Amino acid sequence: MIVFYFSGTGNSRFIAERFSRAAGAACLSVEEAADFEALIAQTDTVGFCYPVYGSCVPRPMREFVLAHGRALANKRIVILSTQLVFSGDGAHALCAFLPGREAGVVYAEHFNMPNNIANFPLFAVKNGEQNKALLAKATRKAERAAEEVLRGRIRRRGFHRLSVLIGKSQSALWPQVEKRAASDVRISADCTRCGLCVRICPMQNLTLGKDGIGQEGKCAVCYRCVNACPARAITTLLHQKPGKQYLGISE
Ligand SMILES: Cc1cc2nc3c(=O)[nH]c(=O)nc-3n(C[C@H](O)[C@H](O)[C@H](O)COP(=O)(O)O)c2cc1C
């Protein structure tokens, strides 16, 4: 088995790694430069792990699955999606891009994880010890998922018709929100032009020129730059300066 993940700020990588370790699976970011088709050809089970955005799949993961559709046909599919509180059908959402839709999915699970939307007024950002209990619970769930996949238990979280219906209440609006946000990264006067955001952007959306940080209209709203900027000078989607940034998960 091999697990591919996209992780804006580390939560999905954490789950992908915990699951893969327990399942004895290989684990790789979709941002790596690798011969993905050859890796997929060598296995009968392919896992995907990603964060849900408005009950939808992030653009880097969608594009990865669509690019390798032919190689993925007839594979057993495992889907692990991470979320802050709720998505309804966050794991099911990937089916729209899979060659066999729901047919090949043998396991799907949702994982509640720390908040990475640093400027979302409803949820506080927590770091370090404050996330200890949540991460311990998520680890146990990832290990249980691995054990269940290995013994062939079918679980398809988010696939129930009611879950899909609830997910639609968020996902119906998301494509428009995502489209508008794609070219709406804002850089405040606090920017020191250090270029970190340019180097870490998974979409190669940001550029550093003589006028400062520019953008190519490809923001995937992953919040990596918003949380990493040393000057807290970047916003996307929501445009309030982040109070506390999410530092991700340190081992
Ligand atoms: C743009 C955006 C939209 C999000 N939408 C949802 C959502 O609809 N429901 C939810 O529970 N969490 C939502 N989240 C929270 C993330 O899914 C969650 O924190 C995830 O674990 C982050 O994973 P990562 O660190 O791998 O990027 C959203 C986060 C972002 C950045």
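**Exercise 1. Find the contacts of Ile79, leaving aside its neighbours within four places in sequence.**

Solution.
- Work on the predicted model.
- Use the contact cut-off: C-beta atoms within 7 Å.
- Ile79 then contacts Phe48, Ala91, Leu94, Val105 and Ala108.
- Next, look at the largest nonpolar core, which holds 64 residues.
- Ile79 is among the members that touch the most others, together with Ile15, Phe19, Leu80 and Leu94.
- Leu94 therefore appears twice: as a contact of Ile79 and among those core members, given the 7 Å contact cut-off.
- Now list the elements behind this core. β1 (2-5), α1, β3 (45-51), α3 (59-67), β4, β5 (105-112), α5 (132-150) and α9 (224-228) each give at least two residues.

**Exercise 2. Trace the open sheet and state its strand order.**

Solution.
- The sheet has 6 strands, in the order β2-β1-β3-β4-β5-β6.
- The pairing is parallel.
- Check the ends. β2 (26-29) and β6 (155-156) are the edge strands, each with a single partner strand, so one side of each has no neighbour in the sheet.

**Exercise 3. Describe how β3 pairs with β1 and with β4.**

Solution.
- Start with β1. It runs parallel to β3, and 4 bridges join the two.
- Phe4 stands opposite Phe48 in β3. Phe48 is also a contact of Ile79.
- Turn to β4. It pairs with β3 in the parallel sense over 7 bridges.
- Thr45 has Arg76 of β4 as its bridge partner.
- Pro51 stands opposite Thr82 in β4.
- Finally, check the cover. Of the 7 residues in β3, 6 are buried, so the strand is mostly covered.

**Exercise 4. Is Val221 buried or exposed? Then find what it touches.**

Solution.
- Locate the residue. Val221 sits in the loop between β9 (212-215) and α9.
- Count C-beta neighbours inside 10 Å: there are 23.
- The cut-off for buried is 20 or more. Val221 is therefore buried.
- List its contacts, not counting residues up to four places away in sequence. They are Tyr53, Glu178, Ala181, Thr236 and Leu237.
- Take Ala181 as a case. It is 40 residues from Val221 in sequence, but the C-alpha to C-alpha distance is 7.1 Å.

**Exercise 5. Characterise the shell around the ligand by size and by residue class.**

Solution.
- The ligand is surrounded by 26 residues.
- The closest are Gly8, Asn11, Ser12, Pro51 and Gln83.
- Sort the shell by class: 12 nonpolar, 14 polar and no charged.
- Assign elements. α1 (11-23) and β4 (76-83) each supply at least two shell residues.
- Both elements also each supply at least two residues of the largest nonpolar core.
- Pro51 links back to Exercise 3, where it stands opposite Thr82.

**Exercise 6. Judge how compact the chain is.**

Solution.
- Take stock of the elements: 9 helices and 10 strands.
- The radius of gyration is 18 Å, close to the 18 Å from the globule rule for 251 residues, so the chain is as compact as a globular protein of that length.
- Add the dimensions. The C-alpha trace spans about 55 × 40 × 35 Å along its principal axes.
- Buried residues make up 41% of the 251.
- Last, consider contacts with a separation of 6 or more: 74% of them join residues 24 or more positions apart.

Notes
Residues numbered from 1 in each chain as written. Predicted model: local features only at pLDDT ≥ 70, side-chain atom pairs only at ≥ 80, totals over all residues. Near = placed C-beta within 6 Å. Nonpolar A, V, L, I, M, F, W, Y, C, P; charged D, E, K, R; others polar. Core = buried A, V, L, I, M, F, W, Y, C linked by C-beta atoms within 7 Å. Buried ≥ 20, exposed ≤ 12 C-beta atoms within 10 Å, placed from the backbone. Contact = placed C-beta atoms within 7 Å. Pairing = 2+ DSSP bridges. Rg over C-alpha atoms; globule rule 2.2 N^0.38 Å.
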